[in-house]
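Open the model in a viewer and keep the sequence panel beside it. The stops below each give a selection and what to look for there.

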Amino acid sequence: MKFFIDTANIDQIREVASWGIVDGVTTNPTLVAREGKAFEPTIKEICALLPDKPISAEVVSVDAEGIIREARELAQWAPNVVVKIPFIKEGMKALHVVAQEGIRVNCTLIFSAAAGLIAAKAGAAFISPFVGRLDDIGHDGMELVRQLVPIMDNYDFDTEIIVASVRTPAHVIEAAMLGADIATVPFDVLDKLFNHPMRDLGLANFLKDWEKYRAAQG
Ligand code: E4P
C-alpha cells in the first residue's frame, strides 16, 4: 500500500520524505488555508520537493466550465500535479473532459460506493473515500472501502482508491488489510505508526545491558 501525506505543510512533507515512506501528497483548500501561504507557490514547492510523486491540488469552482478552467491551469503548474475535483454532477462533467486531455484527477468527497463507481467510470485516476468523516456521523467509514475495493477489481478500473480522512493508525492498518491502493495520512497519524511502548522498553533495556557489559569489560 502506498502512503500519501495529507498536508500542505512543507516541513512535514520534508520530514516524512526523509523516513522513505512517502508516495505522494494530498492537499485541500482547508489544508492550504491552514498554512497561510499563497496557493500556487505552495503547490509548486511541494511538486518540486517530490518531483516523481503525485501531488493533489483541489479546484474551488463548482460549475463544470470553472472546474475545467481551473484543472487546466493547475495541471500546468507541474507535471506531477493531480487535480482534485469534488464528486458533484458538474465535477463529473469536468472530470470526463479533462481526463480525456490526460489530466490526472483525484475525485474527492466520496461518501458512497455509488459515488466511487461513477467517478471511476468518468475517468478518475484516484477516488478518495472519506472514512473519518463517515465515522464522525456514526457510520462505519471503512465499510465504504470494503465495498469499493471489489468494485474496482471486478471491472479492472484504472482507478486507485485513496483512503482519506484518516484519523487513526487503525484506519491505516484496516485500509492495508482491505487492499486499498493508498492511504493519505496526516502527519500526526503517520508519526503514531512508529510508537510502541514495548519497543521503547526493549531499546532502553538493550542499551542499559550494553552499558553494564562494557563497564564489566573494563
Ligand atoms: C484528502 O484528500 C482529504 O481532503 C482529507 O483526508 C480530509 O480529511 P479530514 O476529514 O480530516 O478533513
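Select Asn-80 in this predicted model. Is the residue buried or exposed? Asn-80 is buried, because its relative accessibility is 5% and the cut-off for buried is under 20%. Its place in the chain is the loop between α4 (64-77) and β4 (81-86). Show the side chain and add the backbone oxygens of Cys-47 and Pro-51. The side chain of Asn-80 reaches the oxygen of Cys-47 at 3.2 Å, and that of Pro-51 at 3.5 Å.

Now zoom out to the whole chain. Eleven helices and eight strands make up its secondary structure. The C-alpha trace spans about 75 × 35 × 30 Å along its principal axes. Of the 218 residues in the chain, 45% are buried.

**The ligand**

Select the ligand next; the site to look at is the largest pocket, where the ligand sits. Which residues are around the ligand? They are Asp-6, Thr-26, Asn-28, Lys-84, Phe-130, Arg-133, Ala-164, Ser-165, Arg-167 and Thr-184. Coloured by type, this shell divides into four charged, four polar and two nonpolar residues.

Within the shell, pick out three side chains and display their distances to the ligand. Asn-28 has a polar side-chain atom 2.7 Å from a ligand oxygen. For Arg-133, an N or O atom of the side chain is 2.6 Å from an oxygen atom of the ligand. Ser-165 also places a polar side-chain atom at 2.7 Å from an oxygen of the ligand. With a surface switched on, consider how much of the ligand is covered: on its own it has 350 Å² of accessible area, and the protein covers 85% of that.

**Two residues with positive phi**

Stay on Ser-165 and turn to its backbone. Most residues other than glycine have a negative phi. Ser-165, which is not a glycine, has a positive phi of about 55°. The residue is in the loop between β7 (160-163) and α9. It counts as buried because its relative accessibility is 10%.

Then select Leu-109, where phi is near 60°, again a positive value in a residue other than glycine. Leu-109 belongs to strand β5, residues 105-110. With 33% relative accessibility, Leu-109 is partly exposed.

**Two pairs across the sequence**

Go to helix α9, residues 169-178, and select Ala-176 within it. Why does Ala-176 count as partly exposed? Its relative accessible area is 41%, and partly exposed covers values between the 20% limit for buried and the 50% limit for exposed. Add Lys-2 to the selection and draw the C-alpha to C-alpha distance: 9.1 Å in space, for two residues 174 apart in sequence.

For the last stop, select Gly-123, in the loop between α6 (113-122) and β6 (126-129). How accessible is Gly-123, and what does it count as? The relative accessibility is 34%, so Gly-123 counts as partly exposed. Add Gln-100, which is 23 residues away from Gly-123 along the chain; their C-alpha atoms are separated by 7.9 Å.

Terms used
Residues are numbered from 1 along each chain as its sequence is written. This is a predicted model: local features need pLDDT of at least 70, side-chain atom pairs count only at pLDDT 80 or more; totals for chains, interfaces and linings use all residues. Side-chain values use heavy atoms; hydrogens and water are left out. A residue is near a molecule or strand if one of its heavy atoms lies within 4 Å of it. A polar contact is a pair of N or O atoms within 3.5 Å; within protein, one must be able to donate a hydrogen and the other to accept it, and residues adjacent in sequence count only if both atoms are side-chain atoms. Accessible areas come from the Shrake-Rupley method with a 1.4 Å probe; for residues, only the protein chains shown count as cover. On a 1 Å grid over the protein atoms alone, a cavity is a set of points where a 1.4 Å probe fits but cannot get out, and a pocket is an open set with protein on both sides within 12 Å along at least five of seven lines; lining residues have an atom within 4 Å of a point. A molecule sits in a cavity or pocket if more than half of its atoms lie within 2 Å of its grid points. Ala, Val, Leu, Ile, Met, Phe, Trp, Tyr, Cys and Pro count as nonpolar, Asp, Glu, Lys and Arg as charged, and the others, Gly among them, as polar. Helices (H or I, at least four residues) and strands (E, at least two) are DSSP runs, numbered from the N terminus. Buried means under 20% relative accessible area, exposed over 50%, partly exposed in between (1.4 Å probe, protein chains only).
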